[in-house]
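Student: I'm new to this one. Could you show it to me and let me ask about the words people use for it?

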Amino acid sequence: MDLSDTNIVALSGAHTLGRCHKDKSGFEGAWTSNPLIFDNSYFKELLSGEKESLLQLVSDKALLDDPVFRLLVEKYSVDEEAFFADYAEAHLKLSELGFVDA
């Protein structure tokens, strides 16, 4: 897909919105305390560790295991504007990839 490390981490930040529904995914809960606001709270929550009231999937925690990904998580947790800029670029790139009709 030709997505960079920056693209992957920035797109993961979309988890700042919404929640999982057990009947749809097998998981239940939101990643942030206010899942209706698009901000950098996903990255802040990820760095703060697990909380019983918030969801952290294995794929979320993996962002902390990779040293390059972790640096980006740390950056976005303190620099919301950088997250917004990188997310916009990554979302556009992903959208422009299109799809293959199966």
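Tutor: Sure, here are a few questions about rings, burial and helices.
This is a predicted model, where local features need pLDDT of at least 70, side-chain atom pairs count only at pLDDT 80 or more, and totals for chains, interfaces and linings use all residues. Residues are numbered from 1 along each chain as its sequence is written, and side-chain values use heavy atoms, leaving out hydrogens and water.

Student: What makes Tyr42 and Phe43 an edge-to-face pair?

Tutor: Rings of Phe, Tyr and Trp (its six-membered ring) pair if their centres lie within 6.5 Å, and planes under 30 degrees apart are stacked, over 60 edge-to-face, the rest tilted. Here the centres are 5.2 Å apart and the planes are at 75°, so the pair fits the edge-to-face class. Both rings belong to a cluster that also links Phe38, Tyr76, Phe83, Phe84 and Tyr87.

Student: Why is Tyr42 called buried?

Tutor: Buried means under 20% relative accessible area, with exposed over 50% and partly exposed in between (1.4 Å probe, protein chains only). Tyr42 has 2%, so Tyr42 counts as buried. Phe43, at 0%, is buried too.

Student: Why are helix 1 and helix 6 called roughly perpendicular?

Tutor: Helices (H or I, at least four residues) are DSSP runs, numbered from the N terminus. Axes are lines fitted to C-alpha atoms over the stretch in contact, with angles from 0 to 180 degrees between N-to-C directions. Under 35 degrees is roughly parallel, over 145 roughly antiparallel, 65 to 115 roughly perpendicular, and the rest oblique. Helix 1 (residues 5-12) and helix 6 (residues 80-96) pack at about 105°, so they are roughly perpendicular.

Conventions:
Helix = DSSP H or I, 4+ residues; strand = E, 2+ residues; numbered from the N terminus.
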